[in-house]
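Let's take a friendly walk through a protein model together. Have a look at the sequence and the 3D picture before reading on.

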Amino acid sequence: MGKYFGTDGFRGKANVDLTIDHAVKIGRFLGWYYGQNHEDGRAKIIIGKDTRRSSYTLEYALACGITSSGSDAYLLHVTTTPSVSYCCRTGEFDCGVMISASHNPYFDNGIKIMRASGQKIEPEIEEKIEAYIDGEIDELPLAQGDGIGNVVDYAAGRNRYIGYLMTIPTRAFNGMRVGLDCANGASWNIARSVYEALGAKVYVINNTPNGVNINDKCGSTHMESLKKLVRDEKLDVGFAYDGDADRCLCVDENGNEINGDHILFICGKYLKEIGQLDGNTIVTTIMSNLGLYKACDSIGIRTEKTNVGDKYVAENMMANKFVIGGEQSGHIIFGKYASTGDGILTSLMVMMTMLDKKLPLSMLASEMKMYPQCLKNIMVKDKKIAQENDVVLKAVDQVNKELAGDGRMLLRASGTEPKIRVMVEAKTDEICEKYVDQLIDIIKAEGLAQDN
């Protein structure tokens, strides 16, 4: 990971870690870099944003940078991350930019950049952008006269994306009672339209964004209000999206949460049954629950593990032509239909599975038993040194030997903070917590933890 760009773009506190100066320079570089591919120096770059107040400021700053480098900025306005990806890969755009900090609070924001295929840009381009931000690359030329770029209203692109989603289900949702939690985010004006067009009776909550309520006790990171809605209204199913709607978690008809690992198993098994699970493989990250692997083994589905981050899942899928992969958090990629995680698409695929199999979500999920899991963070002085400490590594190996196939311990560094994440899965919560606390004590005893 670079100085500014992590596994999910450039993210931080708006106007503190991520400023309008950063946005202008990113726009300047993208406009110049992709403009070199055109005789007239004019690239086409599409921009979407979520509902954070700062997203509007960053949108204008990006557009300023792009157009001052002589390229055109196409504005999708408030829309989802997967819709930007869709427009990139189906339109004639050189790249796309999404302004969002995903599931983070409103005061954070981020800039995600996608290549023409709709996938995240190559690391080497991120490195060049960082070098330009830090003044390590000569100042880029400013466009003049009629060479200055245009800002183009492109709300039509969002409408095309909505139309595309409507074509994916193979049957109508007539008679289905569906709850949607839009997290006061980017899906607020899209998800209802899709589900109502498909015939569902829709109950929507958290769809009144005001710039500061995105992800505030709602959406895929706070499922309580959706669970209550499903129980109170006796709905068939509920779906919760995050701020930019690239992830989705579910609530079954009884009000129980269904996470991303459940979704991978349910949809992966369904694709296998209808002969569409190419490679007979589901791509996961190392943080997926042990229960997913055991459930897949029981029905003869292969699994592959990548590092944490949906971009690593996407890379594995593309390299091996696999059709489904994702994370426990609800970032699910359906390779036949999209090149990135798409929360609304994920919910449509779960709906199709329920309808085709004529089974409630609770029954579909019951075939996979989640192992208890304990995850704790510890602030450390140096992540690399802590991860490579011999005593710590021996302790992790010893725990994994003791759990012997009925559990596991993982040690992982945070991508954005000086933290080590210690995770244990085992048969009981007590076993999980015992081993997690044991390793944290070892990290402290080795002098690796930050002083309080």
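Strand β18 is joined by six bridges to strand β19 (residues 419-425), and the two run antiparallel. This is a predicted model, in which local features need pLDDT of at least 70 and side-chain atom pairs count only at pLDDT 80 or more, while totals for chains, interfaces and linings use all residues. Residues are numbered from 1 along each chain as its sequence is written, and side-chain values use heavy atoms, with hydrogens and water left out.

**The three-stranded sheet**

- Helices (H or I, at least four residues) and strands (E, at least two) are DSSP runs, numbered from the N terminus, and two strands pair if DSSP finds at least two bridges between them.
- Within the β18 and β19 pairing, Arg412 stands opposite Arg421 in β19.
- Helix α14 (residues 390-403) packs on the sheet, where it touches β18 and β19, and its direction makes about 150° with that of β18.
- Helix α15 (residues 429-445) also packs on the sheet, touching β17, β18 and β19, with a direction at about 15° to that of β17.
- For such angles, axes are lines fitted to C-alpha atoms, for helices over the stretch in contact (heavy atoms within 4.5 Å), and angles run from 0 to 180 degrees between N-to-C directions.
- The sheet is open, has three strands in the order β17-β19-β18, and its pairing is antiparallel.
- Why is one side of β17 (373-379) and of β18 (408-413) left without a neighbour in the sheet? Both stand at the edges and each has a single partner strand, so one side of each has no neighbour there.

**The seven-stranded sheet**

- Another open sheet has seven strands with mixed pairing, in the order β1-β2-β6-β5-β3-β4-β7.
- Here β1 (5-6) and β7 (151-153) are at the edges with a single partner strand each, so one side of each lacks a neighbour in the sheet.
- Strand β3 (residues 44-49) pairs with strand β5 (residues 95-99) in the parallel sense over five bridges, and Ile45 stands opposite Cys95 in β5.
- Helix α1 (residues 20-35) lies across β1, β2 (9-13), β3, β5 and β6 (108-115), and runs at about 5° to β6.

**A residue to find**

- Is Thr81, in helix α3 (residues 81-90), buried or exposed? Thr81 is buried (under 20% relative accessible area, with a 1.4 Å probe and protein chains only), because its relative accessible area is 3%.
- Leaving aside neighbours within four places in sequence, Thr81 is in contact with Met98, Lys112, Met114, Asp244 and Asp246.

**Spaces inside the model**

- On a 1 Å grid over the protein atoms alone, a cavity is a set of points where a 1.4 Å probe fits but cannot get out; a pocket is an open set with protein on both sides within 12 Å along at least five of seven lines; lining residues have an atom within 4 Å of a point.
- The whole structure holds four cavities of 30 Å³ or more, and the largest cavity has a volume of about 70 Å³.
- Residues lining the largest cavity include Phe5, Asp8, Lys112 and Lys311, and β1 and β6 each supply at least two residues of this lining.
- The second largest pocket holds about 160 Å³ of space; of its 13 lining residues, Arg115, Gln119, Lys120, Lys311 and Ala314 are the closest to its centre.
- Helix α10 (residues 310-320) gives the most to the lining of the second largest pocket, with five residues.

Methods: Points joined across faces, edges and corners; volume = space filled by probe spheres on them. Buried < 20%, exposed > 50% of the residue type's maximum accessible area, 1.4 Å probe, protein only.
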